[in-house]
Amino acid sequence: MLSVKNVTKYYGDKRAVNNISFDVKEGEIFGLLGVNGAGKTTTFRMIMNLLEPTSGKITFNNKKIDYDITDKIGFLTEERSLLTKLTVKEQIIYYGTLKSISKDIILKRLDELLERFNISEYKDVKINTLSKGNQQKIQFISAIINEPKLLILDEPFSGLDPINIELFKSVILDLQKKKTAIIFSSHRMDHVEMLCEKLLILVKGETVLEGSLKKIKDDFKVKKISIKADVSKKELESIKGVNKVYKDNDSFTLYIDDIKYSKNVFDYIKKKDNVSKYEVSPLSLEEIFISKVGTFYGK
């Protein structure tokens, strides 16, 4: 489906993206992550053929991306890109026409999507009168009105309450079932974990982590141990291999440098009374992200 191979992008003397590579297959949700200035937006613009790579190659179904192919791509930007003085219907007709869709088909799809997003009553309402959350729904509809084969979602849940996040998730998963390839970007790592199968983390245009989410979590050497017991924080900190210990009432979270050190912790815990919890687990994606990005920045 989408192939990004050894892509580098310079703006003058400044390198924004350095030799990145990844693939996104049909029906796959791929996470492209990074702090502000990491190179995500530049990468999205190159995929959309709004920018030319300085070197490397980007293809969609083995073809260079041109206007014919961008008609099959949907892009929900992090920034608002709505023409707020238009009505919802006028806005979607405009975007749909840019994607070479007939007006009849646009209106049919619009009615279906407005109903799906529970905002049918806003069809003839000006966008500047809508709440931030409803504007985000219209922006999402504009990105999928062409029933894209590739969909780029940059902070899609911005401005949404938990109920509407679940609604957006259900639409995204339905698109996945229809074999849409999806690139998902968010600063909320919990959102990435619940949707993405594979991911790539960029820092200052460099790839610092890449692969399947499960493998990344399994392979990351640092693990954490959750303990609920009458134990001493000071003694836990003294156990070989224990890097950090955090205490919350009678619960403790330990970070160990490698899974092999879990035996040292267990040998200590098994001698204690009132142990109601002892659980070894991989780090969350957020913890891994902070660890990798912090290391890159020398923190």
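In these legends, contact between two helices means heavy atoms within 4.5 Å. The model shown is predicted.

**View 1. Helices α3 and α4 pack against each other at an angle of about 125°.** Helix α3 covers residues 88-98, and helix α4 covers residues 103-116. Two packed helices are described by the angle between their axes and the distance between the axes. For α3 and α4, the axes are 10 Å apart. An angle of 125° is neither under 35 degrees, nor over 145, nor from 65 to 115; α3 and α4 are therefore oblique to each other. Their crossing is right-handed. On the α3 side, the residues in contact are Val-88, Lys-89, Ile-92, Ile-93, Gly-96 and Thr-97. They meet Lys-103, Ile-106, Leu-107, Leu-110 and Leu-114 of α4.

**View 2. Helix α4 also crosses helix α5, which spans residues 132-144.** The axes of α4 and α5 come within 11 Å and cross at roughly 140°. That angle makes α4 oblique to α5. The crossing of α4 and α5 is right-handed. Leu-110, Leu-113 and Leu-114 of α4 are in contact with Ile-138, Ile-141 and Ile-144 of α5. Of these, Leu-110 and Leu-114 also take part in the contact between α4 and α3.

**View 3. Helices α3 and α5 pack at an angle of about 30°.** Their axes lie 9 Å apart. Angles under 35 degrees count as roughly parallel, so α3 is roughly parallel to α5. The crossing of α3 and α5 is right-handed. Val-88, Ile-92 and Tyr-95 of α3 make the contact with Ile-138, Ile-141 and Ser-142 of α5. Val-88 and Ile-92 appear in the contact of α3 with α4 as well, while Ile-138 and Ile-141 also meet α4.

**View 4. Leu-83, Tyr-94 and Leu-98 form a nonpolar patch on the surface.** The patch has an area of about 280 Å². One of its members, Leu-98, lies in helix α3.

**View 5. A salt bridge joins the side chains of Arg-15 and Glu-206.** The distance from nitrogen to oxygen is 3.1 Å. Arg-15 belongs to strand β2 (residues 14-24) and Glu-206 to strand β10 (residues 206-212), so the pair ties together parts that are 191 residues apart in sequence. The structure holds 20 salt bridges, and the pair of Arg-15 and Glu-206 is one of them.

Note on methods: Residues numbered from 1 in each chain as written. Predicted model: local features only at pLDDT ≥ 70, side-chain atom pairs only at ≥ 80, totals over all residues. Heavy atoms only, no water. Patch = residues over 30% accessible without salt bridge, like charges linked within 9 Å, V, L, I, M, F, W, Y side chains within 5 Å. Areas by Shrake-Rupley, 256 points an atom, 1.4 Å probe, with all protein chains shown as cover. Salt bridge = Lys/Arg side-chain N within 4 Å of Asp/Glu carboxyl O. Helix = DSSP H or I, 4+ residues; strand = E, 2+ residues; numbered from the N terminus. Axes fitted to C-alpha atoms, helices over the stretch in contact; angles between N-to-C directions. Left-handed = near helix turned anticlockwise from the far one by under 90°.
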